[in-house]
Amino acid sequence: MEKIKLLIIGSGPAGYTAAIYAARADLSPVLYQGLQPGGQLTTTTDVDNYPGYPNGVDGTKMMEDFKAQAERFDTDVRWGMVTKVDFSSRPFKVEIDSNDHILAESVIISTGATAKWLGIPDEERLNGYGVSACAVCDGFFYKGMDVVVVGGGDTAAEEATYLAKLCTNVTLLVRKDHMRASKAMQKRVFNTKNLKVLFNHETKSINGEKGVESVTAINNLTSQEVTIPAKGFFVAIGHKPNTDLFRNQLDMDENGYIIVKVGSTKTNIDGVFASGDVADHVYRQAVTSAGTGCMAALDAERFLADQ
Ligand code: NDP
């Protein structure tokens, strides 16, 4: 069975940054790309907030650059999915694509998180053309325009108030008669003048041919419909960390995010590290993911040196 020093699971900014650092430290990392090579950034268009790209960069192109840089230092980047892990003893036994197995002395988990979507057809049709799941990434494009945000938790409150600073009018659609967001966040929402909350409203359709033009919402108590002119539609109903594979083996919080020791990327299992969105529900940015990817590689290097 193949035996390696370091396995990296996931190919977003965290995974590739971990690979760059680990490869340069002679750990000969093997990186499995997973179902969505390049991760969440490949679903966005322009990335304007990643330092080093003064003119912005297409999300997919940026991830190709990350990959090329990792491969330049001989990271073994492979197609394929990790389908099972056994962290009960070292080296860790890992199953690939349900048939192959490898043994890894250490593992960096960078499997990311997936934005939850409403599941209505317009959302997919206009994704990247006005429909987004990240206000910090895409809000800038809607400067001076009207937008709609859907969701009632902290993410929705944060995204709506963030957008209110850029946009002319923000409408927040909350499906219940109250928000789930913390009281402090709700206060911010209600104190923002150009932000209007429509309680008991659900999205019926996102309208427009080539881009979003308006959003039709329905009052779930009265069945009355309202069409709100908007150029952007932001879905902020939560994220799901991609951690099903590690359930019952790693400590996780109630939402399934991997818990790491403060100030490090160490999980509860020695030799297993977590970086990027899989362990971060707060910042969730490419640059913060890359930062923790770097930390994970340094943590893994120190761990392996101590063995
Ligand atoms: P949450 O799960 O807390 O909230 C999701 C919201 O989306 C809920 O209001 C839910 O409604 C609504 N929703 C879910 N599905 C639909 C749907 N199909 N249609 C309409 N609305 C829907 O997710 P968040 O991402 O907001 O937060 C996740 C965690 O991260 C929380 O613990 C939060 O506190 C934390 N967080 C902290 C931040 C901070 O500290 N700065 C910032 C962001 C998040 P309903 O209430 O009806 O179920």
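Is D74 buried or exposed? In this predicted model, D74 counts as exposed because its relative accessibility is 64%, and a residue is called exposed when that value is over 50%. D74 lies in the loop between helix 2 and strand 5 (76-78), where its backbone takes a positive phi of about 70°, although D74 is not a glycine. A second residue with this feature is D97, which is not a glycine either and has a positive phi of about 50°. D97 is found in the loop between strand 7 and strand 8 (100-109), and it counts as partly exposed because its relative accessible area is 37%.

The backbone also departs from the usual pattern at the bond between R90 and P91, which is a cis peptide bond with an omega of about -5°. Of these two residues, P91 is found in the loop between strand 6 (82-86) and strand 7 (92-96). As background to these three sites, most residues other than glycine have a negative phi, and most peptide bonds are trans.

Helix 1, which covers residues 13-24, has twelve residues and reaches 17 Å from its first C-alpha to its last, a span close to the 16 Å expected at 1.5 Å a residue. This helix is mostly covered, since ten of its twelve residues are buried. The buried residues of helix 1 include P13, G15, Y16, T17 and I20, together with several alanines, among them A14, A18 and A22.

Charged residues gather on the surface in patches of either sign. A patch of negative charge is made up of D46, D48, D58 and E64. Of these, E64 is found in helix 2, which covers residues 59-72, and E64 counts as partly exposed because its relative accessibility is 47%, a value that lies between the 20% and 50% limits. A positive surface patch, in turn, is formed by K116, R175, K176 and R180. Within the positive patch, K176 is found in the loop between strand 12 (169-173) and helix 6 (183-190), and K176 is partly exposed, as its relative accessible area is 43%.

Farther along the chain, A305 has its place in helix 7, which covers residues 286-306. A305 is exposed because its relative accessible area is 62%. The C-alpha atoms of A305 and V47 are separated by 37 Å, and the two residues are 258 residues apart along the chain.

Technical notes:
Residues numbered from 1 in each chain as written. Predicted model: local features only at pLDDT ≥ 70, side-chain atom pairs only at ≥ 80, totals over all residues. Heavy atoms only, no water. Patch = residues over 30% accessible without salt bridge, like charges linked within 9 Å, V, L, I, M, F, W, Y side chains within 5 Å. Areas by Shrake-Rupley, 256 points an atom, 1.4 Å probe, with all protein chains shown as cover. Salt bridge = Lys/Arg side-chain N within 4 Å of Asp/Glu carboxyl O. Lys, Arg positive; Asp, Glu negative; His and termini not counted. Charge placed at Lys NZ, Arg CZ, Asp CG, Glu CD. Helix = DSSP H or I, 4+ residues; strand = E, 2+ residues; numbered from the N terminus. Buried < 20%, exposed > 50% of the residue type's maximum accessible area, 1.4 Å probe, protein only. Expected span 1.5 Å × (residues − 1).
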